[in-house]
Amino acid sequence: MVADRNEPVEITLKCPAKINLFLEVGQKREDGYHEILTIFQTIDLYDELILHPGVPTGYFRSNIDLAWNGSNTLYKAVKAVEKHLGKELALGMELKKKIPAGGGLGGGSSDAAALLRYLGETFHIEREALFEVACSIGSDVPFFLRGGTAIGTGRGEVLTFPGDLEDYSVDLCFPGIGVSTPLAYTLLGRSADGHELGNKEVEKLLSALRERDLTLIGRLSKNDFEGPVFAMFPEIGRAYDKFKEKREAIATRMTGSGSTLFSLFEGTKGEYRFITSTDG
Ligand code: C5P
């Protein structure tokens, strides 16, 4: 069948959520960001981004209340790419959001990264330039350019890929309130003085995950935000206790700066499975 040249083209991108299997926050830097040490992992909960090339940019529809302005990571991505290319794009969009916003699952970052990957391919943008654009949108965006399993340091943008973990899954619990990321960092009260990061713990945790040493995984997985966020928002702490009680999981953690909680399982016992960088 010959495609009709006048038929409007529609492109659907899948934008996965992430969890942090390990998250430590170190010192506060001069630029206002914090040094972190984390293990990122993408899972098969997706936002769907439908692109309409040729439709004027600014045509934006979503199933959540999200404006087309600087608060929207997709808007930021379009503006940053337009600046890089020195020309305006014509790209209408629809965003079907399934990843809770403000939940620490990286939805906004993932949406922007999926769009950047598409624009990078379409306009032949070099990897380094695309990485710089990703960094300018948010600390988690560079991770989502690839996804899978990654160790993140710096402010989250310095990435190494130790090999994708497979055959794990998670159940998620969104306690119903979002946590602002800058607020969560403030709650930690970190100073500019050194706060040691547990590089050895990350290596041990990755080995435990590969070797399926479930007890060690439970002992080593951590999130520095849990204490301060649960103290500030007791309803999240209560949700954590309930969620943990109900499941016999390898580990139960909060992801990112909150508020989503996850329970980790072997195999496909949980609702969402780990996905590799080549999935989806
Ligand atoms: O980079 P992103 O937009 O996700 O960061 C939002 C805010 O979270 C930053 O402005 C900063 O206050 C805080 N942040 C931080 N250290 C990081 C990442 C984020 O202090 N490593």
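**A buried threonine and the ligand shell**

Thr255 is found in the loop that joins β9 (251-254) to β10 (261-266). In this predicted model, the residue is buried: its relative accessible area is 0%, and the cut-off for calling a residue buried is under 20%. The side chain of Thr255 also has a polar partner, since one of its polar atoms lies 3.1 Å from the backbone oxygen of Gly104.

Attention now turns to the ligand, which sits in the largest pocket. Its surroundings are made up of Gly32, Tyr33, His34, Ile36, Gly138, Ser139, Arg155, Thr181, Pro182 and Tyr185. Sorted by class, this shell comprises four nonpolar, five polar and one charged residues. Two elements, β2 (34-53) and α5 (181-188), each contribute at least two residues to the shell. Of the elements, α5 gives the most, with three residues.

Several polar atoms of the protein can be placed against the ligand. Ser139 brings a polar side-chain atom to 2.6 Å from a ligand oxygen, and His34 does likewise with a polar side-chain atom at 2.7 Å from an oxygen atom of the ligand. Arg155 takes part through its backbone: an N or O atom of its main chain lies 3.1 Å from a nitrogen atom of the ligand. As for cover, the ligand taken alone exposes 450 Å², and the protein buries 73% of that area.

Key: Residues numbered from 1 in each chain as written. Predicted model: local features only at pLDDT ≥ 70, side-chain atom pairs only at ≥ 80, totals over all residues. Heavy atoms only, no water. Near = heavy atom within 4 Å. Polar contact = N/O pair within 3.5 Å; in protein donor to acceptor, adjacent residues only side chain to side chain. Areas by Shrake-Rupley, 256 points an atom, 1.4 Å probe, with all protein chains shown as cover. 1 Å grid on protein atoms, 1.4 Å probe; cavity = no way out; pocket = protein on both sides within 12 Å on 5 of 7 lines; lining within 4 Å. Sits in = over half its atoms within 2 Å of the grid points. Helix = DSSP H or I, 4+ residues; strand = E, 2+ residues; numbered from the N terminus. Nonpolar A, V, L, I, M, F, W, Y, C, P; charged D, E, K, R; others polar. Buried < 20%, exposed > 50% of the residue type's maximum accessible area, 1.4 Å probe, protein only.
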